[in-house]
Amino acid sequence: MVEIGAFMIKPELMNILACPACKSSLRQEEEKLVCSKCMRKFPIRNGIPILLLSETEGDERP
Ligand SMILES: [Zn+2]
């Protein structure tokens, strides 16, 4: 099984990233960013975190 190596986001960048939903800090889990508060998950594509509510994987919708 070939996996694209987990991309590590620079700490400087992590410091300025925040969850678009609740503005809490994010942590990286493999190729996703996970909000520490609302647990939304945001994909990282080509090394770019996609911090869009429409891209979340956790199902927060009713
Ligand atoms: Zn959040």
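1. Glu30 is exposed in this predicted model. The reason is a count: 10 other C-beta atoms lie within 10 Å of Glu30, and a residue is called exposed at 12 or fewer. Glu30 sits in the loop between strand 1 and strand 2. The hairpin of these strands has two residues between them, and Glu30 takes a positive phi near 50° there. Check this residue in the viewer to see the turn. One further distance involves Glu30: its C-alpha atom is separated by 8.1 Å from that of Met8, and the two residues are 22 apart along the chain.

2. Now the overall layout. The chain has one helix and four strands. Read from the N terminus, the order of elements is α-β-β-β-β. The helix therefore comes before the strands in the chain, as the numbering from the N terminus shows.

3. The four strands make an open sheet. Their order in the sheet is 1-2-3-4, and the pairing is antiparallel. Strand 1 (26-29) and strand 4 (48-49) are the edges. Each has a single partner strand, so one side of each has no neighbour in the sheet. As background, strands of a sheet pair through backbone hydrogen bonds, in a parallel or an antiparallel sense.

4. Strand 1 and strand 2 run antiparallel and are joined by four bridges. For a landmark in this pair, take Arg27, which stands opposite Val34 in strand 2.

5. Strand 2 (residues 32-35) also pairs with strand 3 (residues 41-45). This pairing is antiparallel too, over three bridges. Here Leu33 stands opposite Phe42 in strand 3. Strand 2 and strand 3 form a hairpin with five residues between them. Met39 lies in that turn and has a positive phi of about 65°.

6. Which residues of strand 2 are buried? Leu33 and Cys35 are, and both point to one face. Lys32 and Val34 point to the other face and are not buried. The general pattern is that side chains of a regular strand alternate between the two faces of the sheet. Put the pairs beside this: Leu33, on the buried face, is the residue opposite Phe42. Val34, which is not buried, is the residue opposite Arg27.

7. Two totals for the chain close the note. Of its 62 residues, 13% count as buried. Among contacts with a separation of 6 or more, 19% are between residues 24 or more positions apart.

Definitions and conventions:
Residues numbered from 1 in each chain as written. Predicted model: local features only at pLDDT ≥ 70, side-chain atom pairs only at ≥ 80, totals over all residues. Pairing = 2+ DSSP bridges. Buried ≥ 20, exposed ≤ 12 C-beta atoms within 10 Å, placed from the backbone. Contact = placed C-beta atoms within 7 Å.
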